[in-house]
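Visitor: I'd like to go through the wording used for this model and ask what stands behind it. Can you show me what we're looking at?

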Amino acid sequence: MWRRLPAVLLLALFGCPIVLGLLGTLLPALGATPNLAPGNGFAMVLQDSRFVGATLLSLKTGLGATLLVLLFTIIALVSLHNSRLWVWLSATLPPLLAVPHAAIAVGLVFLIAPSGALVRLLSPAITGWTRPPDMWLIPDVYGLSLILGLVIKETPFLLLTAAAQLPQLNVDASLKIGRTLGYSPARCWSRLILPQLYPRIRLTLLIIMAFNLTVVDMALLLGPSNPPTLSVFLMSLVNDPGSRAAASAGAVLLAVLVAVCFAVVVILERLVSTVARVRARSGARGRGSSLFRVFGKLLALLSVSLSIAALFVLLIWSVTQRWRFPDAYPSAWAFDRWFSGNSSLIDPAISTLTIASAAALLAMVAAVTWLELERRGCAPKIDGIWFIPLLVPQVSLLFGWQAMAYWVGADGHWLTVVYTHWLYTMPYVILILAVAWRELDPAWSHAAHALGAGYWRVLFIIRLPLLIKPLSQAFAIAIAVSVAQYLPTLLLGGGRHQTLAIELVTSFGGVDRRTIAALAVLQSVLPLIAFVLALLYPRWCSARLARKNALASRQWIRS
Amino acid sequence: MISLKALASQRRTLVPALLLAAFCSSAVAVEPDSLWSEVTEAAKGQTVYFNAWGGSERINEYLAWSAEQLESRYQVKLEHVKVGDIADIVGQLEAASLVGRDEGGNVDLMWVNGENFAALKNTDLLWGAFADNLPNRNLVQDSPSIRADFSVPVEGLESPWGGAQLVFIVDTAAVPSSPKSAEALLEFVKEGGRFAYPAPPAFHGTTLVKQFLLEVLDGDEAASAALALPVEQADFDNITKPLWDYLDQLHPELRGAGKSWPISAEMTRQLLDDGEVDIALSFNPNEASAAVQNDQLPDSVRTYVFDKGTIGNTHFVTIPWNATAKAGAMVVANFLLSPEAQARKADPAFWGEPTVLDITAMDADQRALFEAVDLGVWALPIEEGNNVLPEPHASWAAALEAAWLERYGQ
C-alpha cells in the first residue's frame with residue numbers, strides 16, 4: 001500500500017488540473033455556478049449568430065489541415081525513403097519542430113501577404129506591380145492561410161514520428177519481397193508497410209487533429225476574424241462574466257466535437273482497412289511512377305523552404321529600419337534593436353525562460369520519479385494518461401482551470417502558471433524518457449548493486465549519466481513546448497507574466513512590424529538554443545569522462 | 001445585493017485582514033481623500049500593475065520612461081500589463097467581484113473610457129473619487145468630455161490622461177483629394193480607392209461606425225438628440241436604419257470586400273505604409289507625425305478630419321475597488337498628469353497625443369515645455385482640431401456593436 005503512495009500522489013498532482021479544469025468548464029455550462037457565470041450557457045452560445053459559422057470554420061480548417069498532414073506525410077515517406085534528401089531533411093526537421101507556432105505564423109504573414117516579402121522580391125520587375133495586388137488577402141476569408149500554417153508546422157511532427165517507427169517495420173525487406181513478386185514500390189508501401197505503420201502513428205495523428213481543431217494563437221494570427229474559429233470565438237466570450245456560461249458551454253461542445261471527430265477517424269480506419277484488405281487480394285501490381293517520387297520530394301522541399309523562408313523574413317524585419325513596398329530588401333537597417341538592452345525584448349524573454357525552465361525541470365523530476373517507480377513495480381505502466389492534456393482542447397480544460405484558480409485566488413501566481421505549463425511539458429518528456437528507460441540494460445544497475453552501491457548512488461552515478469542523451473533531449477523539448485504556450489499563461493497569468501508568446505500575439509494587432517519580428521525571432525531562438533545545448537551537453541560529458549579515464553589509466557600505469 | 005456581497009466579503013477577508021494587521025501594523029491604508037503626503041509615503045516600495053492597451057510601441061516606450069521616472073522619484077515600481085482589449089479586464093474584475101475577492105486584486109490602475117468606464121461605474125467596481133485629490137488635478141482643462149465620459153458623469157472616479165479625436169491619415173501621393181464626408185468616402189471606394197476599417201468591437205471600428213451614424217443623421221435633430229441619451233430610451237432600429245443602408249453599400253467596396261477586416265487601427269496604418277490601403281484611421285491627431293519620424297509612414301502622408309468634424313473624447317486612468325497598491329496607483333495617476341509627463345506625451349517624437357492640461361493656466365516654465373513641441377506637417381492642422389463632435393451616450397457603443405455583428409459578423 002505505502003509503496004504505491006508516491007505514484008498515487010504524482011498522478012493526483014497531474015490529474016487534479018484535468019479533472020478540476022473539466023469540472024470548472026462543465027459546471028458553469030450547466031448553470032450550476034450562477035454566481036460566477038449566470039445564465040443558460042448552451043442556449044446563449046447556440047443562439048449566438050457567430051456560433052455556427054465559427055464551428056464550421058473550425059471543422060473546415062482543423063480537419064482539412066489534418067487530412068493534408070496525413071497525406072503529405074505518407075507521400076513524403078514513400079518518396080523520400082532511402083534518398084539523400086531525407087538525410088538532409090531528418091537533420092533539418094527537428095529544429096523546425098522546436099520553432100513555436102506563433103512565430104511561424106507571423107513569419108508566414110510577412111512572407112505571403114499581398115505586400116509580403118515574396119511579392120516584394122518579384123515586384124515590380126516580374127509582376128509589374130508598383131502597389132500590392134488586391135487579388136488575395138492574408139489572413140484570407142476561407143481559412144486557407146490557417147490551413148497552410150498548420151500543415152507546414154504539423155507535417156514535420158507526424159513525419160518524424162513515422163520515420164522513427166520505420167526501423168522496426170523492416171521496410172527494406174518488405175520492399176524487396178514486394179518487388180520480387182512484381183509489385184510497384186508504391187503498391188508495396190500501400191499494401192505492406194502503411195497498414196503496419198498506421199497504428200503506430202495513430203496517437204500522434206489524433207493529437208495533431210485535436211490541436212488543429214482547437215488551436216488559438218495560430219488561428220488568431222492566420223485565421224479569418226469574422227467569424228473566427230470556434231476556440232477564438234470562445235476566447236472572446238470567456239472574460240465577460242455575462243457570457244462566461246456561454247463560453248463554457250461552447251468549450252464543452254468543442255470537446256464533444258473533437259471526441260466525435262476521433263470516433264469518425266476510428267470508423268474511417270475500419271472502412272479503409274476493409275477496403276484495403278479486399279484490394280490487397282486483387283493482385284494488381286501497379287505501375288512504377290518515378291514522377292510520384294519527384295512530386296513528393298518537391299512537396300517536402302516546398303514545405304520546409306516555406307518554414308525556413310518565414311523565419312528568414314522575420315530575421316530580416318528584426319534588423320530593418322525601413323523597408324517599403326515594392327523594394328526587394330530594406331533601404332535602411334537597424335541592428336541596434338538587438339543590442340540596445342531593449343527592455344521590451346529582455347523582460348518577456350526572462351519571463352519566458354524562467355517559466356520554461358521551471359516547467360521543464362518539474363517535468364523531468366516528475367517523469368524520472370514516475371519511471372523509476374514503474375521500474376521498481378511501484379507504479380503501473382499507463383502511458384496513455386499522460387497524453388490526456390494533448391487530446392482535450394486547451395480551451396475546454398483551461399476555462400475551467402481558470403475558474404478554479406479564481407475561486408481560490410491562485411490566478412496570477414507564478415507557481416500556478418508553471419504548474420499549468422507542466423501539464424503540457426509532461427507528455428513529451430515522459431514519451432521520450434519512457435523509451436530510453438525501458439531500453440536501458442538492467443545489467444549496469446545490477447553490476448553496481450553487486451559492487452555494493454545503494455539505490456540513490458546507482459541512480460545518480462550510473463543510470464542518469466547513462467541516460468544523459470535522452471534526458472537532455474527531453475529537457476530541450478520541454479523548454480520548446482513551454483516557450484510556445486500562449487493560452488495557459490494568458491488565462492492563468494492574470495496579466496502578470498508577459499511571456500514572448502503573449503507579447504507576440506498581443507502586439508500583432510498594432511505594434512510595429514519590426515518589433516513583432518524581433519519578438520518572433522527571440523521566441524524561435526530560445527528553443528533552438530536549448531536544442532543545441534541538448535546536443536552538446538552529452539558530448540561534453542562524455543569528453544570529460546574520457547579525459548578523466550585517460551588520466552586515471554595513466555596514473556594507474558605510472559604507479 | 002450589495003449588502004450580501006459585503007457580508008460575504010467581510011467573512012472572507014476578516015481573518016487575513018487581522019493577520020495582516022498583526023504583522024504589518026506600520027502600513028497605513030490610504031483612502032481616496034487621504035492627505036497627499038500620506039499617499040506618497042504609503043506608495044514607497046509599492047508595485048503598480050497598470051493594465052493598459054499594449055498595441056503601440058511608442059506608448060509602451062512612453063510607459064517604460066514613466067516607470068523609470070516613478071522609480072527614481074517616488075520609489076514606485078510601475079509594471080505595464082499590456083492588454084489587447086481593456087474590456088477583458090473589466091470582465092476579470094467583475095469575475096473577481098463575483099467570487100468575493102475584494103482585496104489583493106491583480107489590477108492596480110487601468111486605462112479606460114466610455115462604455116468600459118460606464119460598466120465599472122454601474123457595477124460599483126471603482127475605488128472612489130481619488131482623481132479630485134491629485135495635486136496636478138488643478139492644471140487640468142475644463143471641458144465637457146473631461147467632466148462626463150461619453151455622457152456618463154466622471155465624479156472623480158477616473159483621472160484624465162489624454163485627448164483623442166478620430167482622424168484620417170491619407171497618402172497624398174496616391175490620393176490627390178481626400179474624401180471629407182461619409183458620402184465622399186463611399187464615392188472614393190466606388191471609384192477604386194482602397195479603404196478598410198477594423199471590425200467592431202475593435203475600438204476604432206466602433207468609433208468610425210458612430211461617426212458614420214452622426215453623418216447619416218446630419219440634419220435630423222430629434223435623432224441626434226436621442227444619441228446623447230441612453231440607448232434604451234431611443235427607437236434604435238429606426239434611428240440606425242440609414243446607417244445600415246450606408247454600410248451595406250460601403251462594405252462590398254472595402255479592401256477585403258466586407259469579409260476580412262484589419263485587426264486594429266494600427267494595422268490600417270501599417271497597410272497604408274504598404275500601399276494596401278490609401279487611408280488609415282487613428283484616434284491620435286499627431287500619430288502620422290510620430291510615425292513618419294519613426295520610419296513607419298512615407299513623407300507624403302497628411303492628417304485630416306471630415307468637413308463637419310469628427311468624434312473626439314478623453315481617456316482616463318482609474319483604480320478598481322480591490323486594487324492592491326492604491327497609494328502607488330494614485331502617485332502614478334498624478335505623475336501622468338504632471339506638465340513634464342504630459343509635454344513628453346504631446347511630443348510626436350515620443351507619443352504625440354494632445355494634452356488634457358490647460359496650457360494657459362501654467363507658469364512660463366511649464367508652458368515652455370509644450371511650446372517646444374514640434375507637431376510637424378504630417379499631423380492634423382491645429383485649426384481643424386477644433387472641429388470636434390461629442391461621443392454618443394456610452395450605452396450606444398454596445399448596442400451598435402451587437403447590431404453590427406448581427407448583420408456583418410458571419
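**What's behind the words**

Guide: Sure. In this predicted model, 42 residues of chain B are in contact with 45 residues of chain A.

Visitor: Which elements supply at least two residues of the side of chain B that touches chain A?

Guide: Strand S1 (47-53), helix H3 (57-74), strand S2 (77-83), helix H4 (86-98) and helix H11 (265-274) of chain B. H4(B) gives the largest share, six residues. By type, that side of chain B splits into twelve nonpolar, 17 polar and 13 charged residues.

Visitor: Over to a helix pair. Why are H8(A) and H9(A) called oblique to each other?

Guide: Look at the angle: the axes of H8 (residues 171-180) and H9 (residues 185-214) of chain A cross at roughly 120 degrees and come within 9 Å. Roughly perpendicular covers 65 to 115 degrees, and roughly antiparallel needs over 145. The pair is therefore oblique. As for handedness, H8(A) passes H9(A) in a right-handed crossing.

Visitor: What makes the contact?

Guide: On H8(A), Val171(A), Ser174(A), Leu175(A), Gly178(A) and Arg179(A); on H9(A), Pro185(A), Arg187(A), Cys188(A), Leu192(A) and Ile193(A). These divide into six nonpolar, two polar and two charged.

Visitor: Which residues have the most contacts inside the largest nonpolar core?

Guide: Val106(A), Leu314(A), Ala478(A) and Val332(B), in a core of 275 residues. Leaving out residues up to four places away in sequence, Ala478(A) touches Ala359(A), Ala360(A), Ala363(A), Thr425(A), Tyr428(A) and Val429(A).

Conventions. Residues are numbered from 1 along each chain as its sequence is written. Chains are lettered from A and ligands numbered from 1 in the order in which they are written. This is a predicted model: local features need pLDDT of at least 70, side-chain atom pairs count only at pLDDT 80 or more; totals for chains, interfaces and linings use all residues. A nonpolar core is a set of buried Ala, Val, Leu, Ile, Met, Phe, Trp, Tyr and Cys residues joined through C-beta atoms within 7 Å. A residue is buried if 20 or more other C-beta atoms lie within 10 Å of its own, exposed if 12 or fewer, and partly exposed in between; C-beta atoms are placed from the backbone. Two residues are in contact if their C-beta atoms, placed from the backbone, lie within 7 Å. Axes are lines fitted to C-alpha atoms, for helices over the stretch in contact, and angles run from 0 to 180 degrees between N-to-C directions. Helices (H or I, at least four residues) and strands (E, at least two) are DSSP runs, numbered from the N terminus. Angles under 35 degrees count as roughly parallel, over 145 as roughly antiparallel, 65 to 115 as roughly perpendicular and the rest as oblique. A crossing is left-handed if the near helix is turned anticlockwise from the far one by less than a right angle, and right-handed if clockwise. Ala, Val, Leu, Ile, Met, Phe, Trp, Tyr, Cys and Pro count as nonpolar, Asp, Glu, Lys and Arg as charged, and the others, Gly among them, as polar.
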